[in-house]
There are 2 protein chains.
Amino acid sequence: MSITDPVRDAAHMAASALPSSAPIGVFDSGLGGFTVLDALVRSLPHERFIFLGDSARCPYGPREADEVRSFVLEICRFLAGFGCKMIVIACNTATAAGLSAAQRAFDIPVVGVVVPGARAAVQMTRTRRVGVIATAGTVRQGAYEDAIAHLDAGIHVTQKATPDLVRIAESRFSGVAFDEASEREYARIAREYLEPLKEQDIDTLVLGCTHYPLICDLVSDVMGPGVALVSSAEETAREVRSILKRRGDLAQESAGARVQVMVTGDDVEKFRLTAQGVLGMDVPVERVDLGSRGGEEMR
Amino acid sequence: MSITDPVRDAAHMAASALPSSAPIGVFDSGLGGFTVLDALVRSLPHERFIFLGDSARCPYGPREADEVRSFVLEICRFLAGFGCKMIVIACNTATAAGLSAAQRAFDIPVVGVVVPGARAAVQMTRTRRVGVIATAGTVRQGAYEDAIAHLDAGIHVTQKATPDLVRIAESRFSGVAFDEASEREYARIAREYLEPLKEQDIDTLVLGCTHYPLICDLVSDVMGPGVALVSSAEETAREVRSILKRRGDLAQESAGARVQVMVTGDDVEKFRLTAQGVLGMDVPVERVDLGSRGGEEMR
């Protein structure tokens, strides 16, 4: 795709006199972003949301940052085409790779999941020792370390890549029936990952992957009641609410469908079931082609 | 002073099991910090505050950053000696020079005025063009540019050093009677400074000096109703409240004197009158020697 001109066109188009009833765009490569969408839906009762799951190119984790950045810009352009008043990057990898570029390219606010989670951890910690669990990619980029240091230079951060927890969260997303042997195995994996963090005397742990709210029981069982868990999903919803409130942009009443889900891959049914499980409601899911500017029916 | 060991001693002493009834330390080189103190007092009705004005070494603006940093650490150590549960650096110059060092040295939260003001501007702007007026020192250090870019890389920032506005605010602090000729001259100075910012099409202007809430009438007369003014004093109070609330550290009821002011210079009477004017209450003001760990009477 050609990044600069078309993106700026869409951005300016989108920024021109958007009403507070305009939808909020939310996206992720896969299912993890549903935890952010769920927090948004619960904390913003009158807003409409368009969720895009880029499942055709999922996962983003193993890809080069440049490539992920181009995906982020492409999806933001697509969502801006629906007249979104704000875009939420509901994925840590995509935030780390593409947030700044998207903020430069668009005239509507683009919010990522990293700074809100980092801010909450900075506000909460008393021991000034914070842990972060995330995918290998997010840990490698050090996005949380940077964000925390920028807010409070005196906080000691210990990061830990915990990729198998994503796998466990995925299996829970898919609604597999409870199975005692698997749960025992999950608990063993969580212990193996988290015991070293426990030894670091942290009092606050950031769930630095949008999948992790689904496994916070496993995490808190290991960490114990003395360690507060920060959900970047909840914190991002809080930040979005704060921005809309401050700008006087909160939707005043619900208008039409509250949530619409689009996917780029073949897995429409999987997204429909997961949306139902996580959000507790039936939502329409359709397959889309990012090249099109379709979906005008929602405006 | 020897920076590392004594500071960490005081910090660890202060951090051990501080009750929510512990005071909040606030400091500035001079009178500007009173606007922050005022916002804190109004938004936190049950908290106690110890305000330190380092008037013996005021102003900090022309000094080297290293020197200001050593002052910041010395004052934080002094305030930590009173068992403060949090310290607020109510001065832009001191925040830019010493916040990170103080956050590294102390185990209680140390909050500056720059990030809260930057955050508010990022949340508010629709044109994504923000102005900052501040002292020459704060502009030179680019503290707001950095803080805004970190939160939103796409926002265009125009800074302007407006030192004469400090002088005007000072004259208002001192409670000089209204004088039409002076007010006309003040309006002229404000126009001269602010017209170039107006041409930048900003929609949000950060008052990046703690003196400036006293001259916001002059500023808004020039900028007009289309430009929102961000008071770093109000935003810092909001941030402090958010931190205390999140940590469960809000004082539950008022206990004793709400505000105690200390100054390092001879100008006790000037501080007493200014405190009375800005806070609208009589507060005790005493001269102190930073080398002492006195003031235990307030604990």
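# A tour of a predicted two-chain model

**Stop 1: a glutamate in a helix.** Select B:Glu183, which is found in helix H9 of chain B, a helix that covers residues 180-198. The structure on screen is a predicted model. Is B:Glu183 buried or exposed? With a relative accessibility of 18%, B:Glu183 counts as buried, because the cut-off for buried is under 20%. Now show what surrounds this residue. Leaving out residues up to four places away in sequence, B:Glu183 touches B:Arg172 and B:Phe178.

**Stop 2: a sheet in chain B.** Switch to a cartoon view of chain B and look for an open sheet of six strands. Read across the sheet, the order of the strands is S4-S3-S1-S2-S9-S10, and the pairing is parallel. Which strands stand at the edges? They are strand S4 (110-111) and strand S10 (285-287) of chain B. Each has a single partner strand, so one side of each is left without a neighbour in the sheet.

**Stop 3: strand S1 and its partner S2.** Select residues 24-28 of chain B, which make up strand S1, together with residues 49-53, which make up strand S2. These two strands pair in the parallel sense, over five bridges. Two positions help to line them up: B:Ile24 stands opposite B:Phe49 in S2(B), and B:Val26 stands opposite B:Phe51 in S2(B).

Keep S1 of chain B selected and show its side chains. In a regular strand, side chains alternate between the two faces of the sheet. On one side of S1(B) are B:Ile24, B:Val26 and B:Asp28, and on the other are B:Gly25 and B:Phe27. The residues on both sides are all buried, and both faces of the strand are thus described as covered. Five of the five residues of S1(B) are buried, so the strand is largely enclosed by the rest of the structure.

**Stop 4: a proline before strand S10.** Go next to B:Pro284, in the loop between helix H12 (268-279) and S10 of chain B. At 46% relative accessibility, B:Pro284 counts as partly exposed. What does B:Pro284 contact, leaving aside its neighbours within four places in sequence? The answer is B:Val259, B:Gln260 and B:Val261. To check one of these with a distance tool, pick the C-alpha atoms of B:Pro284 and B:Gln260: they are separated by 5.6 Å, although the two residues are 24 residues apart along the chain.

**Stop 5: aromatic pairs.** Over all chains, a search of the whole structure finds eight aromatic pairs. A pair of aromatic rings is described by the distance of the centres and the angle of the planes.

Select A:Tyr60 and A:Phe71. Their rings form a tilted pair, 5.5 Å centre to centre and with 45° between the planes. A:Tyr60 lies in the loop between strand S2 (49-53) and helix H3 (65-80) of chain A, while A:Phe71 lies in helix H3, so the pair ties together parts that are 11 residues apart in sequence. A:Tyr60 counts as buried at 1% relative accessibility, and A:Phe71 is buried with a relative accessible area of 6%.

For an edge-to-face pair, select B:Phe78 and B:Phe82, whose ring centres are 5.2 Å apart and whose planes make an angle of 70°. B:Phe78 is buried, with a relative accessible area of 2%; for B:Phe82, also buried, the value is 2%.

Back in chain A, add A:Phe34, A:Phe51 and A:Phe271, which ring pairs link into a cluster.

**Stop 6: an arginine over a ring.** Return to A:Phe71 and add A:Arg57. The arginine lies over the face of A:Phe71, at 3.8 Å from the ring centre. Chain B has B:Arg57, with its charged end over the ring of B:Phe71 at 3.8 Å from the centre.

**Stop 7: chain A as a whole.** Show all of chain A, whose secondary structure comes to 12 helices and 10 strands. Of its 299 residues, 58% are buried. The accessible surface of chain A comes to about 11,600 Å², and 50% of it belongs to carbon and sulfur atoms.

**Stop 8: the two chains together.** Finally, show both chains. Chain B is superposed on chain A by a rotation of 180° with 0.0 Å of shift along the axis, at an RMSD of 0.0 Å. That is the relation of a two-fold axis. To find the axis from chain B, select B:His150, which has the C-alpha nearest to it in that chain, at 4.1 Å. The same surface serves both copies, as 100% of the contact residues of chain B recur in chain A.

Definitions and conventions:
Residues numbered from 1 in each chain as written. Chains lettered and ligands numbered in written order. Predicted model: local features only at pLDDT ≥ 70, side-chain atom pairs only at ≥ 80, totals over all residues. Heavy atoms only, no water. Least-squares fit on C-alpha atoms with pLDDT ≥ 70 in both. Contact = heavy atoms within 4.5 Å. Phe/Tyr/Trp six-rings, centres within 6.5 Å; stacked < 30°, edge-to-face > 60°. Helix = DSSP H or I, 4+ residues; strand = E, 2+ residues; numbered from the N terminus. Buried < 20%, exposed > 50% of the residue type's maximum accessible area, 1.4 Å probe, protein only. Lys NZ or Arg CZ within 6 Å of the ring centre and 35° of its normal. Areas by Shrake-Rupley, 256 points an atom, 1.4 Å probe, with all protein chains shown as cover. Pairing = 2+ DSSP bridges.
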